[in-house]
Number of protein chains: 2
Amino acid sequence: MRHQRSVATLVVGSLAFAIAGVGAGVAADRPDLTAPLVLKDQGSFFVGGFETRTNATTGNPAGQIGYSNTDVIKTGQMYVQFQAPKGEASRAPIVLLHGCCLSAKTWEDTPDGRMGWAEYFVRRGHAVYLPDQSSRARSGFDATTINQVRLGKKPPEKLPAIFTFGREAAWDLFRFGPQYPEPFADQQFPIEALGEFGNQVIPDLNATLPTPNPTYANLADLARSAGGAVLVGHSESGFFPEQAALADSSNVLGVVSIEGQCPPPTDAQLASLAKIPTLIVFGDHLGDSKISGPLWTKALADCKAFVRRLKAAGGTALLAELPKFGFKGNTHMLMQDRNNLEVADWMLDWIRDNALRRTAKRAVGKNRSGD
Amino acid sequence: MRHQRSVATLVVGSLAFAIAGVGAGVAADRPDLTAPLVLKDQGSFFVGGFETRTNATTGNPAGQIGYSNTDVIKTGQMYVQFQAPKGEASRAPIVLLHGCCLSAKTWEDTPDGRMGWAEYFVRRGHAVYLPDQSSRARSGFDATTINQVRLGKKPPEKLPAIFTFGREAAWDLFRFGPQYPEPFADQQFPIEALGEFGNQVIPDLNATLPTPNPTYANLADLARSAGGAVLVGHSESGFFPEQAALADSSNVLGVVSIEGQCPPPTDAQLASLAKIPTLIVFGDHLGDSKISGPLWTKALADCKAFVRRLKAAGGTALLAELPKFGFKGNTHMLMQDRNNLEVADWMLDWIRDNALRRTAKRAVGKNRSGD
């Protein structure tokens, strides 16, 4: 499959959206997606990470290079890419964090080659930060235990449980349909590109991480580097924005939890979280997939309870089931669904209206131009 | 460490370069690095990959989700990001492939926050493609064997050897100095940012791959998607461009092997490779580091022999030891060295003068504007 983004598809999508009568006025904000992209700044960097002296080089082919098996490596670091459009100073920076068995690719071009949320948010005027979770993808992971087991220094049951999704499991859990290979009639995921989506699904090495997951503090650190940011999590990382705010809320301008779980916070934690505007988003067909139906029904109920408590504590919070906002058939991968940009417009409106204002300048980037 | 690219540093660097009298005229080509970056197109996609039905989900926490342990996953795929500047049609597209224990981060911002080759090449008018090697970073890897050993289905010695570099090994092998922590007096790597560089070093999972390494064919496929490309490899992947050309040379416009090894090809392979312009690049101090000295001396000798054979077969080939071209003190990580953009200018001149012309249009990207 090759990626030919189709302008015709975008136009037809917008028309269908307008005809459906959802979100009148959104189309007026839609930037020209075929125009050149003008960036004030872009780059990549790391947050967090700690040095450890370990036998990490045990994978060294014997005799090829004569280095010690014990040396200093970094683990727990989090890789981040960012882009900032010209004139972005007035909009809230947004951090987009992927879920289980995925990487920042989640937010880039969709499996069928349409524009993803990352570039779209930049075109809507936001600086966008794309981390790979600590222990995933370009953030690396700590392979020490695997190498120790290989050398007989630890028993096999100490190996990390490395989780990934097969195609049939993803179909059910991501709610493309009630069971593989049957789709929901109104589902929005580009299932014709399911093979390409499979390329995005990579092993999850979070079982190699210490507790608490360093990604929480790294997200808070990233928000500081960005001079304040709205944190967006998805699925496995749905509640990571809240966890980051509990680690250090001082630069968290808002949290958005997409299709995640809502473990109940303590009263003290709730009082802290209630100061941060919170949006919880779920797609469609929450109870309709054969195996994961009860999981999604419980997630929705837990998140409703969380939002009720935030509101009772005086917080700004919204639990949004997308069908109640006019978006039908959205899947767990709603940032890649056919109506992904319409959902983005709706979400950016919420951020514009609700996110806290930032007060600091971002610490990363070379700030080329003066705007 | 935060990334504040310093315009002053860039200017001073250029001045020093001009004073040294190396590559007169290069400075005139240098684009304004503080100007906004204008992209005709950008995106990400995958090449290659094959489906396998396996017990890949054995990492599934027991009882949390009731999916089968046997499902279809993708392995061997190669993740690629790309950017194309406005007006890029006349310059050769360039693929930049990282080496061992690294990712595409190699080519982005340097550890001390200067501009890397990826963005710089775009600013010099080239479309740039940044893959993560198959089994590395966002390309994912096949965790089946690790999970099988964990469950007692295979013995521990079947685990892949997962290689990474510690700080002291990297210091020697990457030739920052004769031995850690002593630097060469004239070395060019920003060793004050060694901790940040450590964040880039991630485990190498190539031992999980089948033979031949799928990255070879994936690179050839990527060259086709790009409508023809110059392939650049580094270190572990130094000879991967040649391997890609041996798999399918039809879209390979040139190969650049940076600080890699040159295993001797057969005569038939050599005849094929001699049709492709070839640049082999080494930095400074090849014999001067305590442990890796002999390794580098041998790599240089092997690559000299390779270039002699290419020339004898009528090929366009250059073995460039950078000190002989006026660049002193360059390390193994020369794309991150303080004079990285000067070396880039020299290399882009070679590509301009020697790469084959492309005849096809690239197949990826949405080709927003008409240039």
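Just past the end of helix α7(A), A:G227 takes up a positive phi of about 70°. This comes from a predicted model, and the helix itself is a good place to start looking around. Helix α7 of chain A runs over residues 214-225, and its twelve residues should span 16 Å at 1.5 Å a residue; the end C-alpha atoms are indeed 16 Å apart, which agrees. Eleven of those twelve residues are buried, so α7(A) is largely enclosed by the rest of the structure. The buried set takes in A:L219, A:L222 and A:A223, among others, and it also includes A:D221 and A:R224.

Three of those names come back when A:V95 is inspected. Leaving aside neighbours within four places in sequence, A:V95 is in contact with residues including A:L219, A:L222 and A:A223. Beyond the helix, the contacts of A:V95 include A:Y129 and A:P131, along with A:A229, A:L231 and A:V232. In the largest nonpolar core, which holds 192 residues, A:V95 and B:V95 touch the most other members. In soluble globular proteins, nonpolar side chains tend to be buried together.

Stepping back to the chain as a whole, chain A contains eleven helices and ten strands. Of its 371 residues, 58% count as buried. Contacts in chain A often reach far along the sequence: among those between residues at least 6 apart, 74% join residues at least 24 apart.

The glycine at position 227 can be followed in chain B too. There, B:G227 sits in the loop that links α7 (214-225) to β7 (229-234). B:G227 is partly exposed, because 19 other C-beta atoms lie within 10 Å, while 20 or more would be needed for a residue to count as buried. Apart from neighbours within four places in sequence, B:G227 is in contact with B:P93 as well as B:R358, B:A360, B:K361, B:R362 and B:A363. B:N251 is 24 residues from B:G227 in sequence, and their C-alpha atoms are 6.8 Å apart in space.

Another loop of chain B, the one between β10 (317-321) and α11 (340-354), holds B:M333. Here the count goes the other way: B:M333 has 27 C-beta neighbours inside 10 Å, so it counts as buried. Not counting residues up to four places away in sequence, B:M333 touches B:F174 and B:F189. B:Q188 is 145 residues away from B:M333 in sequence, yet the two are 9.3 Å apart in space, C-alpha to C-alpha.

Next comes the meeting of the two chains. The contact draws on 75 residues from chain A and 76 residues from chain B. On the chain A side, the elements that give two or more residues are β1 (37-47), β3 (71-75), α4 (144-150), α5 (167-173) and α6 (194-200). The largest share, nine residues, comes from β1(A). Sorted by class, this side of chain A has 33 nonpolar, 24 polar and 18 charged residues.

Strand β1(A) also pairs across the contact. β1(A) and strand β1 of chain B, residues 37-47, run antiparallel and are joined over three bridges. A:V38 has B:V38 as its bridge partner in β1(B), and A:L39 is bridged to B:L37. Within chain B, β1(B) has a further partner: eight bridges join β1(B) to strand β4 (residues 78-85), again in the antiparallel sense. One of the pairs there is B:F46 with B:Y79. β1(B) is mostly covered, with ten of its eleven residues buried.

What about the arrangement of the two copies? Chain A superposes on chain B by a rotation of 180° with 0.0 Å of shift along the axis, at an RMSD of 0.0 Å. The two copies are therefore related as by a two-fold rotation axis. Of the residues of chain A, A:A137 comes closest to that axis, with its C-alpha at 1.8 Å. The same surface serves both copies, as 100% of the contact residues of chain A recur in chain B.

How values were computed
Residues numbered from 1 in each chain as written. Chains lettered and ligands numbered in written order. Predicted model: local features only at pLDDT ≥ 70, side-chain atom pairs only at ≥ 80, totals over all residues. Helix = DSSP H or I, 4+ residues; strand = E, 2+ residues; numbered from the N terminus. Contact = placed C-beta atoms within 7 Å. Core = buried A, V, L, I, M, F, W, Y, C linked by C-beta atoms within 7 Å. Nonpolar A, V, L, I, M, F, W, Y, C, P; charged D, E, K, R; others polar. Pairing = 2+ DSSP bridges. Least-squares fit on C-alpha atoms with pLDDT ≥ 70 in both. Expected span 1.5 Å × (residues − 1).
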